[in-house]
Amino acid sequence: ARPWVSLMLETRGALTDGTLIAYGMGLESGAVSGRAVISHSGATAGYRAYLARAPEDDLSVALLCNAGALNSEDLGPEIVALYLPPAPEAALTTSPTSGAPIAADLAGRFRITRTGALAVVTIDDAGLHFNGGPPFIATSDDRLVNAEGTREAIVTRDRAGALTGIRLTRIGNSPIDLAPVAHWAPDATALAAFAGAYRSNDVSADWTVTMDGAALRATGPAGETFLLDPLYTDAFSARDAYWTFVFQRDRRGRPVSVSLFKTRTRGVLFERRA
C-alpha cells in the first residue's frame with residue numbers, strides 16, 4: 001500500500017463550486033504524451049526548477065536552472081516527453097493538430113500586468129508561442145489552446161477590433177493578463193530624465209539610477225549594479241539580473257517613482273528623492 005502522505009499529495013483538489021483542479025496537497029497531476037505525470041515546478045531569486053514522476057513508466061526527471069527568465073513549467077514537460085513513448089493515436093486525436101487562422105496582430109510585445117515583465121508572442125507553422133514556449137492552436141478568432149488542452153489563451157478586442165489584451169489561463173492557477181505594448185527606443189536625452197535617487201520607506205532601501213555613457217545604470221542597496229535595457233515605454237529590464245523597473249511620471253511628465261519586480265517581489269515602490 002502507498003503511504004497516505006503520498007496519496008494526499010497527489011489527490012486532486014476541488015474549488016468551492018466543485019470544479020476539480022490539477023493541484024493536490026503539494027503536487028500537480030497531469031499528462032505528458034498521454035501518460036500520467038505527477039510534477040511540481042519551483043522558482044526563487046534567479047533560479048528555476050521542475051520535478052516530475054511518471055509512475056507507470058518508472059521515470060523521474062529533475063530540472064535545475066540558474067536562468068531566471070526560463071519557464072520551467074513549459075520546458076519541464078518537454079524534457080519528460082523525450083523519455084516517454086509516443087502518445088497513442090487515440091490520445092493524439094483528442095489534441096488540436098490544426099485550427100482556425102491565427103490573427104497576425106497577436107504577434108508582438110506584451111506587458112504582463114501582474115509583474116511588469118515583457119512577454120514576446122510569435123507565430124509560426126506550429127502555432128502561437130509565448131516567449132518561445134509550446135504552441136497554442138486557434139479554435140476560434142478569440143480562443144487558442146495548447147496541445148494538451150490544459151492551457152487557454154483568450155483574446156480581447158475593442159469595438160473597432162483593435163487588440164486590447166490576451167488572458168492566459170491554466171487549470172488550477174490564476175490567469176495571466178497580457179497588454180500589448182509598442183517597441184521603445186529612447187535616446188540618451190530621454191534616458192537622462194530617469195537619473196536620480198529613489199527610496200522605499202517600506203523596505204528601507206535605496207536605488208540610484210545614473211547615466212553610463214548612452215545607457216542607464218541602476219545601483220542597489222547592497223552595491224549591486226547593472227545596466228538597464230528598455231522594454232517598453234518607461235519600463236526597463238536589469239541586464240542579466242531579471243529585475244524589471246517600471247517608472248511612473250507626474251502630470252508634467254517627470255519620472256517621480258519606480259516600481260520594482262522580480263519573481264515574487266512585485267511592485268515595490270521607490271519614490272524619487274533627487
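In the predicted model, helix α2, which spans residues 72–82, has buried positions at Ser72, Asp74, Gly76 and Val80. These buried residues of α2 pack against five strands: β1 (28–32), β2 (35–44), β3 (47–54), β4 (59–65) and β10 (151–157).

The helix belongs to a protein chain whose secondary structure consists of four helices and 20 strands. Along the principal axes, the C-alpha atoms of the chain fill a box of roughly 65 × 50 × 35 Å. The chain has 274 residues, and 34% of them count as buried. Contacts were also examined by separation in sequence. Where the two residues in contact lie at least 6 apart in sequence, 34% of the contacts join residues at least 24 apart.

In soluble globular proteins, nonpolar side chains tend to be buried together. In the present model, the largest nonpolar core contains 20 residues. Within this core, the residues with the most contacts are Phe226, Leu228, Phe236, Phe245 and Phe247. Six strands each give two or more residues to the core, namely β14 (205–212), β15 (215–219), β16 (225–232), β17 (235–238), β18 (244–249) and β19 (255–262). Strand β14 provides the largest share, which is three residues.

The surroundings of Phe226 were listed without counting residues up to four places away in sequence. On this basis, Phe226 touches Trp207, Leu216, Arg217, Ala218, Ala238, Arg239, Ala241, Trp243 and Phe245. Its partners thus include Phe245, itself among the core residues with the most contacts. A second core, separate from the one described above, has 16 residues. Among its members are Ile112, Leu128, Ala138 and Val155.

Strand pairing is illustrated by β6 (residues 118–124) and β7 (residues 127–130), which run antiparallel and are joined by four bridges. The two strands form a hairpin, with two residues between them. Across this pair, Thr122 stands opposite His129 of β7.

The surface and the charges were computed for the protein chain. Its accessible surface comes to about 15300 Å², and carbon and sulfur atoms account for 55% of this area. The chain carries 26 positive and 29 negative charges. The mean positions of these two sets of charges are 8 Å apart.

Definitions and conventions. Residues numbered from 1 in each chain as written. Predicted model: local features only at pLDDT ≥ 70, side-chain atom pairs only at ≥ 80, totals over all residues. Heavy atoms only, no water. Buried < 20%, exposed > 50% of the residue type's maximum accessible area, 1.4 Å probe, protein only. Contact = heavy atoms within 4.5 Å. Areas by Shrake-Rupley, 256 points an atom, 1.4 Å probe, with all protein chains shown as cover. Lys, Arg positive; Asp, Glu negative; His and termini not counted. Charge placed at Lys NZ, Arg CZ, Asp CG, Glu CD. Core = buried A, V, L, I, M, F, W, Y, C linked by side-chain atoms within 4.5 Å. Pairing = 2+ DSSP bridges.
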